[in-house]
Amino acid sequence: MKLERSSPATALRKSPSGVLGFDEITGGGLPRGRATLLAGGPGCGKTIFALQFLANGARDFAEPGIFVAFEESSRRIVANAESFGWRLNQLRRKKLLFVDAQPNPDQVQAGDFDLCGMLAGLAHQAKLMKARRIVFDALDMVLSLLPDLAARRREVYRLHDWLRVRELTCIFTLKAGAGEPTFTSPQPYGFMQFMVDCSVILTHSVVLGVSQRNLRVQKYRGSSFDENESPFVIGDTGFNVAISRILGQADAKVTHERVSSGVKRLDTMLGGGYYRAAAVLITGVPGTAKTTLSGAFAEAACGRGERTVIVSFDSDGSEVIRNLTSVGIQLERFVKSGLLRMVSARTITGSAEACLVRIKALAVAHKARCLVIDPVSALANSVSEVRAHGVAERLIDWSKSERITLVCTSLLNENEGQAVGDSALHISTLADTWIHLNYLVQAGERNRGMSIIKSRGTAHSNQVRELILSNAGVTLADIFTAGGEVLMGTMRWEKESAERVAKEVAEVAGKLKLVTLDAQQAELQVRLTAVQTELVAKQVEKTLLASTTASRKAVTLRGSERMRELRGGDAPKRE
Amino acid sequence: MSRRPVYKFRLFIAADTLNSVQAASNLNALCKAHLAGRHEIEVIDVFKDPKRALAQGIRMTPTLVKLTPGPERRIIGSLTDTDRVMQTLGLDADAA
C-alpha cells in the first residue's frame with residue numbers, strides 16, 4: 001500500500017474540528033493523522049464532540065470519516081444528533097460511514113481475541129471512501145471484554161499502529177467519570193493517555209444547582225494550547241466551547257464611528273455618542289430608567305436601519321415594548337418590520353455560559369449590529385464570581401470582535417455598592433462607557449440623575465444631569481446647583497421659572513427704556529431741524545441785507561454823480 | 001442416533017495472529033474429539049476478504065459462527081475455554 005507523503009516534519013499539521021472555540025484553544029484543531037483521546041463521564045458530550053468532528057470534516061473540509069460505535073447503535077446516535085442540523089443523512093451517502101460494533105449480547109466469549117476483524121473491515125472501507133478521519137466511540141466497551149490488561153494494551157497498540165500507517169486523524173472516546181472509579185484511575189486505560197498525541201477531558205458538574213460543563217486539553221504533543229478549563233455548552237448547533245479571547249482579533253477592529261445613544265443631549269455629553277462596537281454599561285438601582293435608556297438606544301439603532309436584538313431578563317418582550325411606548329419610544333414598528341428582535345431571556349435557562357451562547361446564537365442569527373442585554377447582571381445569578389466575570393469578559397470580547405455595539409444594563413443593590421458604583425460581574429472595568437443612574441431624594445421628591453462615570457477615548461461631560469421621562473421621550477436637563485446643593489425636579493423647575501420671570505422683567509424694563517430713549521431722540525431731532533431751518537433763514541436774511549445795502553450804496557453813488565453832472569460843477573472822477 | 005446433525009462452522013481469523021491460530025487448532029481438536037465425521041469448517045481470513053467479514057458483522061477475531069444445527073451461535077476468542085465452547089454449541093449434553 002502506498003502511503004500518502006506527509007508534509008515536512010517542521011510543523012505539526014492540524015485537522016480543524018470545526019467545533020466553535022475548540023480550534024482556537026488548540027491553535028487549529030486536532031493533530032492530523034494522529035490519535036486524540038477524549039475522556040469524560042457519562043453525558044459529558046463525548047459522542048457529540050466526536051460526531052461533530054466527523055460531520056464538519058466531511059462537510060467543510062473534504063475529509064470523509066468513519067464512526068465506529070461500540071456502545072450506542074449508530075441509528076440512535078444519528079437520531080440523537082438530528083436536532084443539531086448537521087445533515088448527517090446527506091453526508092452518510094458518501095462521506096460519513098457508521099459502523100456498528102456493539103458487542104452482541106448473545107455472543108459468547110471463550111478465550112482471548114483481538115480487533116483484527118474490525119480493523120480489516122475498516123481498512124477496506126477507509127480505502128474505499130478515502131476516509132481521513134475516524135472515531136472510535138466508547139472504546140472502553142470493547143476493551144473491557146478483553147481478559148487482561150496485557151490484552152487491552154496489545155489491542156490499543158494494534159489500533160494505534162493501524163491508524164499511524166493509514167494517517168487517519170482519530171478520536172477515541174473513553175468513559176472516565178467520578179462515578180466509575182475503574183476508568184478514572186490510571187488503570188486500566190491510563191496507558192492510553194501516554195499513547196495518544198492529544199488528550200482532551202470533558203467534565204460535567206453541578207455548581208449551586210446549575211449545570212457546568214468544562215473542557216480541558218490535557219496534553220497536545222508538539223503544539224501549544226490553552227491549558228485552562230474552558231466552559232462549554234451543547235447548544236442548538238452542537239458543541240460550543242467558550243474562549244475568552246481570540247488573540248489579535250478582539251483589538252483589531254477599532255473604529256472612530258459614533259452611534260447615537262438615542263438621547264440627543266447624552267450624545268453631546270459623550271462627544272457624539274457611543275463608539276461603534278463599544279460596550280456600554282448602564283448601572284442603577286431599580287426604577288432609574290435603565291431599560292428606558294437602553295430602549296432609546298435600540299430605537300435610534302433601528303431608526304438607522306441597523307438590526308438589533310434586545311434580550312430582556314426581567315420582563316416579556318411585549319411588556320417592554322408597551323412600557324417603553326409610554327415614554328415615547330416606539331419599538332413596535334421595528335419588531336413588525338423585522339429589524340428588532342425581542343427576546344425574553346426568562347425562556348433561556350441554564351448556566352451563565354449557556355445563556356451567553358444562546359444570546360450569541362440569537363444575535364448571529366439576527367445579524368445584529370446592536371445588542372441590548374437588560375440586565376446583564378442576571379447572568380451573574382447562581383454562578384461563582386470568577387465564572388461570571390469570565391462570562392462578561394467573553395460577552396464583551398465577542399461583541400467587539402463581531403463589531404456589535406453592546407448596551408448592558410446592570411442592576412445595583414440599593415443598599416450596597418451604590419456609593420462605589422461597582423457593578424455585578426465586574427463588567428464596569430471592561431465596559432468602554434459607563435453611565436450611572438441614581439435617585440436623588442430631596443424636598444420630598446425622587447428625581448433621576450444621570451452621570452457618565454467613564455467613557456474611554458471620549459471627552460465627556462463631568463456634569464450630573466437630570467433624566468426626565470415624558471411621553472415625548474427621554475430628555476436630559478441641566479441641574480442647578482445652589483449653595484453647594486444640587487437641585488432637581490420641582491426645585492429645579494422653581495429655580496428655572498424664577499430665573500425666567502426675572503429675565504422677562506429685565507427684558508421688559510429694557511424695552512421700555514429703549515422706547516423712552518427713542519422718543520427723546522426723536523424730539524431732539526425735531527428741535528434740531530427747527531433750529532437748522534431758522535439758521536438757514538437767518539443766513540438768507542443776512543445775505544439779503546448785504547446785497548440790499550450794496551445796491552443802495554451804488555444807487556446813492558450813482559445819484560450823487562448824476563447830481564454832480566447835473567450841477568456840472570465838478571469834473572467826473574474815477575473811483 | 002445414526003442421524004446426528006452435521007455441524008457447519010465458519011471461522012473468521014486474522015491471518016496467523018496468535019489468537020486465530022489458537023482458535024483454529026482448538027476448533028480442530030474439538031471437532032476431532034466430539035464431531036468426528038460430521039463437521040464442516042470454512043475458514044475466512046478477514047485480511048483477505050474484508051468485505052465478507054464486514055457483511056457478516058465480524059468485529060473481533062477470531063470469531064466462530066455455528067451455522068447449523070439450530071440457531072446460529074457466535075463465539076469470539078481463541079476457544080481456549082472448552083467447556084464454554086461445548087456448552088454454547090450444545091455439545092455438552094450431546095457428548096454426555
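These questions and answers concern strand S15 of chain A and the contact between chains A and B in a predicted model.

In this predicted model, local features need pLDDT of at least 70 and side-chain atom pairs count only at pLDDT 80 or more, while totals for chains, interfaces and linings use all residues. Residues are numbered from 1 along each chain as its sequence is written, and chains are lettered from A and ligands numbered from 1 in the order in which they are written.

Q: Why is S15(A) called a strand?
A: Strands are DSSP runs (E, at least two residues; helices are H or I, at least four), numbered from the N terminus. S15(A) covers residues 279–284, so the run meets the definition.

Q: What makes S15(A) mostly covered?
A: A residue is buried if 20 or more other C-beta atoms, placed from the backbone, lie within 10 Å of its own (exposed if 12 or fewer, partly exposed in between). Six of the six residues of S15(A) are buried. A:Ala279, A:Leu281 and A:Thr283 lie on one side, and A:Val280, A:Ile282 and A:Gly284 on the other.

Q: How do you know that S15(A) pairs with S19(A)?
A: Two strands pair if DSSP finds at least two bridges between them. Six bridges join S15(A) to S19(A), in parallel, so the two strands pair. A:Ile282 has A:Thr409 as its bridge partner there.

Q: What makes S6(A) and S4(B) a pair?
A: Two bridges join them in the parallel sense, and A:Val108 is partnered by B:Ile75.

Q: Which residues make up the contact of chains A and B?
A: Contact means C-beta atoms, placed from the backbone, within 7 Å. The contact takes 19 residues from chain A and 28 from chain B. On the side of chain A that touches chain B, H5(A) gives the most, with eight residues.

Definitions and conventions. Two residues are in contact if their C-beta atoms, placed from the backbone, lie within 7 Å.
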